[in-house]
Amino acid sequence: MPERKEKGQASVGAEEDRGKKGHSEKKNKRKQEKEQEELHKLEEMRERLIRGLELHGTDEKVLKAMLKVPRHVFVPKYAKKGAYIDTPLEIGFGQTISAPHMVAIMCDLLELSEGLKVLEIGAGSGYNAAVMGELVGKSGHVYTVERIESLVDFARENLKKAGYENVTVLLDDGSMGYPKYAPYDRIVVTCAAPDIPEPLLEQLKPGGIMIIPVGDYIQELIRIKKDSEGNIHEEKRGGVVFVPMFGRHGFPRN
């Protein structure tokens, strides 16, 4: 026969259970409070960073978009504390997330607005695409192409966490563009090409704008405008440093 517990024993057991439950609840509460405190600090750092970018003369709507995007979600855990320092950060596989001021400059030069269709070459962690997603709104869409499968997964996960549904991450050779959804109102390249890839020029809509870094050791940021007749107009916008583009129209691999 099963052993019967006396009332006193049952009472002690129940008291122990309540004690364990209370301890667990306190532990969870402390954890939640710590997470909220950390989140608040990150938000303060983000605001401080964006205020600093105002000194570059960045358009107000770009700054507002960057305020909405949690950059700490788009960096590896080990780099989280540096998420709101104005510097590039490594994200693995020899790739980086661009410095916030460079993201601001490129978005500014693209003249992004509601409803535009954008092609990005080099998704990285998805951060730049998220900022552009804010600027083109729900009626617009960002297609971002990445050649490294692990980064495609990383970018998709980050964008999902941050709640962006108007950004599609694609695994492919970005030097070839992505003809399926062409033509594009805007094209932005986040890796340096040896020359301007012809497929990207072809996939740019008349009246469209493309921003691309070109060069090897010495790189120049080029702003391209295609007029209504399909003529290409190039404008140099200063020296930059980006990781190299690989692929059919990129640099050869060593």
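1. Buried means under 20% relative accessible area and exposed means over 50%, with partly exposed lying in between. By that scale Glu111, at 45% relative accessibility, counts as partly exposed. The model discussed in this note is predicted, and the points below move from its overall make-up to its cores, its sheet and a few unusual backbone sites.

2. The protein has six helices and nine strands, and buried residues make up 46% of its 254 residues. Of the contacts between residues at least 6 apart in sequence, 56% join residues that are at least 24 apart. The exposed surface of the protein comes to about 14700 Å², of which carbon and sulfur atoms supply 49%.

3. Nonpolar side chains tend to be buried together in soluble globular proteins. Here the largest nonpolar core has 52 residues, and those with the most contacts inside it are Met66, Cys107, Leu112, Tyr127, Val131, Met132 and Ile211. Several elements each supply at least two residues of this core, including helix H1 (7–53), helix H2 (60–68), helix H4 (127–136) and strand E7 (204–214). Tyr127 touches Met66, Val69, Arg71, Phe74, Ile97 and Val103, when residues up to four places away in sequence are not counted. A second, separate core of 21 residues includes Tyr178, Tyr184, Ile187 and Ile222.

4. Helix H3 (100–110) is another of the elements that supply at least two residues to the largest core, and H3 is mostly covered, with eight of its eleven residues buried. Those buried residues are Pro100, Met102, Val103, Ala104, Met106, Cys107, Leu109 and Leu110; among them, Cys107 is also listed with the residues that have the most contacts inside the largest core, while Val103 is touched by Tyr127.

5. What is the order of the strands in the open sheet? The sheet has seven strands in the order E5-E4-E3-E6-E7-E8-E9, and its pairing is mixed. E5 and strand E9 (232–240) stand at the edges with a single partner strand each, so one side of each is left without a neighbour in the sheet. Neighbouring strands of the sheet are turned against each other by 15° on average, with direction ignored.

6. Towards the E9 edge, strand E8 (residues 219–226) and E9 run antiparallel and are joined by seven bridges, and Lys226 stands opposite Ile232 in E9. Helix H5 packs on the sheet, where H5 touches strand E4 (141–146) and E5, and the direction of H5 makes about 170° with that of E5.

7. Most residues other than glycine have a negative phi, and most peptide bonds are trans. Three sites deserve a look in that light. Just after H3, Glu111 takes a positive phi of about 55°, although Glu111 is not a glycine; the residue sits in the loop between H3 and strand E3 (117–121). Phe93, in the loop between E1 and strand E2 (95–97), has a phi near 60°, again a positive value in a residue other than glycine. Is Phe93 buried or exposed? Phe93 has a relative accessible area of 52%, and because exposed means over 50%, Phe93 counts as exposed. The third site is a cis peptide bond that joins Ala182 and Pro183, with omega about 0°, and Pro183 lies in the loop between E5 and strand E6 (184–189).

Notes. Residues numbered from 1 in each chain as written. Predicted model: local features only at pLDDT ≥ 70, side-chain atom pairs only at ≥ 80, totals over all residues. Heavy atoms only, no water. Helix = DSSP H or I, 4+ residues; strand = E, 2+ residues; numbered from the N terminus. Buried < 20%, exposed > 50% of the residue type's maximum accessible area, 1.4 Å probe, protein only. Contact = heavy atoms within 4.5 Å. Areas by Shrake-Rupley, 256 points an atom, 1.4 Å probe, with all protein chains shown as cover. Core = buried A, V, L, I, M, F, W, Y, C linked by side-chain atoms within 4.5 Å. Pairing = 2+ DSSP bridges. Axes fitted to C-alpha atoms, helices over the stretch in contact; angles between N-to-C directions.
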